[in-house]
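Visitor: I should like to take a close look at one part of this model. Please guide me through it step by step.

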Amino acid sequence: MNIEKKILQTIKKYKLCNKKEKILVALSGGKDSAVTAYLLKKFGYNLEAIHIDLKIGKYSNDCLKAVKKLCKDLKIKLHVYDIKKEMGSSMCYLRSTIQSKPGRNKLKNCAICGVIKKWILNREARKLNASKIATGHNLDDEAQTFLMNIFKGSPKLSSNIGAITRNISDKKFISRIKPLFYVPENEIRDYAKIHKLPVIYEKCPCALDSYRIQIRKFLEKMPNKTKQNIMKNFDAIYKKIKKVKNSKIKYCEICGEPSRKQICKKCELMKIHK
Ligand code: AMP
Ligand code: ZN
């Protein structure tokens, strides 16, 4: 099945979005989110885009340029969130400050960046009246995460996996959708190249999570069918995982964003004391 059919099928099967709502595509500058935007636009969805400029030197400058060109070509309105202006410093600085706190030195770069990006995306999507946030997560990403959770002995963490966020329903929480959930990475790369999308192929210089790299290398050697089979296992057990994690949503005492605890993950990380 080609990539376009696969996405349409995923949208239909999981009721990811409809043509009346506003979807905010989270563009990183990479191929996955660019293909997500390209195809949602092609299918006639109502799109705007957001890019978080993380200010990680030349890498971020190149990403910003690529995203601007893509949005211009596709006629998508782009919102740029400048992390230095909004949060006072670059992602590298924020992250190293967090990692320098006692007990935090083992936190992975990508985990910290991921928490902060999710916080920003939810808040900005709400401000822009979007009802969905679309990201470029693909089959390889999801199979990696699912396997990592199994190998870590934390299968419950997999309740966050899925083509649409499903265990949080709150008016302040904007659902995240992953139209490329069942599309292998190599098909996305080929598609981006064939359509000459302006994208950055290099990885973020801070993505040094050795465990994920190890799992990625292991999965890279596997045929796409195997990755699909891994996610078939996930599909089969996800309802059971969902039940375990269905806790009530509160609002963070510091920032007011939806959270499972009194203080959200982002504010917990950024607290000065502790
Ligand atoms: P990553 O966590 O870097 O693998 O990225 C996963 C998805 O998050 C991407 O496909 C994008 O949709 C989104 N994303 C990552 N980085 C950014 C960014 N700097 N700005 C906006 N969205 C991003
Ligand atoms: Zn908070």
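How many salt bridges does the count come to? Please describe some of them closely, and then turn to the site of the zinc ion (ligand 2).

Guide: The model is a predicted one, and in it the count comes to 18 salt bridges.

Let us begin with the pair E185 and K31. Their side chains meet in a salt bridge, with 2.8 Å from N to O. This pair joins distant parts of the chain: E185 belongs to helix 8 (residues 185–194), K31 belongs to helix 2 (residues 31–42), and the two positions lie 154 residues apart in the numbering. Buried or exposed? E185 has a relative accessibility of 11% and therefore counts as buried, since the cut-off for buried is under 20%. K31 has a relative accessible area of 7%, so K31 is buried as well. The pair also has partners, for K31, D32, E185 and R189 are linked in a network of salt bridges.

A second salt bridge is formed by K69 and D73, whose closest N and O atoms are 2.8 Å apart. Here both residues lie in helix 3 (residues 57–74), and they are four residues apart, about one turn of the helix. K69 has a relative accessible area of 45% and is therefore partly exposed. D73 is likewise partly exposed, with a relative accessible area of 43%.

A third salt bridge connects E142 with K178, the closest N and O atoms being 3.1 Å apart. E142 is found in helix 7 (residues 139–151), whereas K178 is in the loop between strand 5 (175–177) and helix 8, so this pair ties together parts that are 36 residues apart in sequence. Both E142 and K178 are buried.

We now turn to the metal. The zinc ion (ligand 2) is coordinated by the SG atoms of C252, C255, C264 and C267, at 2.2 to 2.3 Å. The angles among these four donor atoms are 104 to 114°, and the site is tetrahedral. For comparison, the ideal angle for four tetrahedral donors is 109.5 degrees. Along the chain, the donors of the zinc ion (ligand 2) follow the spacing C-x2-C-x8-C-x2-C. Two of them, C252 and C264, link distant parts of the chain: C252 is in the loop between strand 6 (250–251) and strand 7 (258–259), and C264 is in the loop between strand 7 and helix 11 (265–270), twelve residues apart. Both C252 and C264 are buried.

Definitions and conventions:
Residues are numbered from 1 along each chain as its sequence is written. Chains are lettered from A and ligands numbered from 1 in the order in which they are written. This is a predicted model: local features need pLDDT of at least 70, side-chain atom pairs count only at pLDDT 80 or more; totals for chains, interfaces and linings use all residues. Side-chain values use heavy atoms; hydrogens and water are left out. A salt bridge is a side-chain nitrogen of Lys or Arg within 4 Å of a carboxyl oxygen of Asp or Glu. Buried means under 20% relative accessible area, exposed over 50%, partly exposed in between (1.4 Å probe, protein chains only). Donors are N, O and S atoms within 2.8 Å of the metal (3.2 Å for Na, K and Ca); water is not among the atoms, so sites may look incomplete. Four donors count as tetrahedral if all angles lie between 85 and 135 degrees; four count as square planar and six as octahedral if opposite donors are over 155 degrees apart and all others between 65 and 115; anything else is irregular.
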